[in-house]
Amino acid sequence: MMRGFFLVALFLLGWSQLEAQPVRDTAWNKAGFFGLKLTQVSLSSWSAGGESAMAFDSQITYSADFKRDRQLWQNRLELGYGLTKNDGKSARKTNDKIYFASTYGYQMYKSWYWSALLNFNTQFAKGYDYNIEDSDFISKFMAPGYLVIGVGATWSPNKIFTATFTPASWRGTIVANDRLSDEGAFGVDKGKHLLSEFGANLKAEVNYEFLPNMTIYSRLELYSNYLEDPQNIDVRWDVQLNMAINKWFSTTLSTNLLYDNDVKIAQKDGSAGPRVQFKEVLGVGLQIHF
């Protein structure tokens with residue numbers, strides 16, 4: 001899985017060099033970066049205690065937006081993977097993300113566009129519950145995978161903010177693994193590989209450089225299933241704060257907040273139910289823009 005991640009990184013870096021040629025289509029606005037954060041701690045006879053550790057976190061973000069005449073086409077790709085290895089323990093995953101979104105709009109009035117949206121989410125590698133020793137994996141590539149297709153309207157008043165509301169949206173939760181499917185993981189019926197929902201989707205994005213070399217990107221996605229419990233709104237809120245130190249190094253803070261009424265989180269008392277999920281990643285390291 002890591003080989004695939006870095007092949008994508010090399011492809012995008014090579015493509016960026018081709019795009020750097022003098023002749024460019026000014027209707028396209030393209031930007032991206034590859035980041036690699038490394039951490040290493042080595043202890044020997046350390047009286048204060050602790051344990052040696054190594055960790056890395058890698059990330060690729062790339063956006064390609066097209067705007068000409070009455071057409072607006074926005075695309076974004078996010079890839080992330082991270083591992084940590086503590087002394088005497090196996091390597092454990094700390095970050096794993098594949099996200100792709102594409103929205104096409106046709107202007108109907110000023111900043112308003114008729115639009116069609118496609119969102120896709122999954123992960124690279126198997127995931128485990130490290131609180132349970134010798135547990136089998138609880139997730140993997142395309143288990144789950146999330147696909148949203150919808151039609152509606154986009155409001156894009158400026159380069160900073162964009163919102164797309166698709167009141168007619170199909171969302172599929174894919175569980176491609178037989179064992180997880182048989183367990184009814186991620187809301188699918190036991191033995192089934194797809195949970196199909198129809199509802200409304202709202203995606204709002206902010207991309208703003210509030211100080212020189214300091215940029216914040218925030219994406220909020222809300223989904224309501226018309227067919228079952230429409231009052232239970234699924235939430236996905238991603239925030240990334242990027243602070244460039246110089247041409248090659250930066251500090252990045254990323255947070256991810258999730259709530260999915262169909263995902264049951266097991267608790268220590270044996271109960272299971274939907275919970276607010278939260279992840280935060282802070283790193284300082286190499287960052288290459290393209």
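**A walk around a 12-strand barrel**

Start by selecting Arg219 and Asp238: Asp238, in strand 10, is the bridge partner of Arg219. Before moving on, please note that this is a predicted model, in which local features need pLDDT of at least 70 and side-chain atom pairs count only at pLDDT 80 or more, while totals for chains, interfaces and linings use all residues. Residues are numbered from 1 along each chain as its sequence is written, and side-chain values use heavy atoms, with hydrogens and water left out.

**The strands around your first pick**

Now colour residues 214–225 (strand 9) and 234–244 (strand 10), an antiparallel pair joined by 10 bridges. Pairing here requires that DSSP finds at least two bridges between the strands. Helices (H or I, at least four residues) and strands (E, at least two) are DSSP runs, numbered from the N terminus.

Step back to strand 8, which is linked to strand 9 by 12 bridges, again antiparallel. Select Ala204 and you will find Leu220 of strand 9 opposite. Strands 8 and 9 make a hairpin with two residues between them, and Asn213 in the turn has a positive phi of about 65°. On to strand 7 (residues 161–174), which pairs with strand 8 (residues 194–211) over 12 bridges in the antiparallel sense. To see one such match, pick Trp170, whose bridge partner in strand 8 is Phe198.

**Zoom out**

Show everything as a cartoon: 12 strands close into a barrel in the order 1-2-3-4-5-6-7-8-9-10-11-14, with antiparallel pairing. From one strand to the next, the twist averages 20° (axes are lines fitted to C-alpha atoms, and angles run from 0 to 180 degrees between N-to-C directions). In total, the protein has two helices and 14 strands. Its C-alpha atoms fill a box of roughly 65 × 50 × 30 Å along the principal axes.

**Two buried side chains**

Select Arg171 in strand 7. Its relative accessible area is 8%, so Arg171 is buried; buried means under 20%, exposed over 50% and partly exposed in between, with a 1.4 Å probe and protein chains only. The side chain of Arg171 makes a polar contact with that of Asp234 at 2.4 Å. Such a contact is a pair of N or O atoms within 3.5 Å; within protein, one must be able to donate a hydrogen and the other to accept it, and residues adjacent in sequence count only if both atoms are side-chain atoms. Beyond four places in sequence, the contacts of Arg171 (heavy atoms within 4.5 Å) include Glu197, Tyr223, Asp260 and Asp262.

Next, go to Ser224, in strand 9. Ser224 counts as buried because its relative accessibility is 15%. A polar atom of its side chain lies 2.6 Å from the backbone oxygen of Pro230. Outside the four places on either side in sequence, Ser224 touches Phe198, Gly199, Ala200, Pro230 and Ile233.

**Backbone stops in the loops**

Pick Pro144, in the loop between strand 5 (112–122) and strand 6 (145–155). The peptide bond leading from Ala143 to Pro144 is cis, with omega near 10°.

Asp69 is in the loop joining strand 2 (53–68) and strand 3 (71–86). Its phi is near 50°, a positive value in a residue other than glycine, and Asp69 is exposed, with a relative accessible area of 70%.

Finish at Phe186, in the loop between helix 2 (178–182) and strand 8. Phe186 is not a glycine, yet has a positive phi of about 60°. Is Phe186 buried or exposed? Phe186 is buried, at a relative accessible area of 18%.
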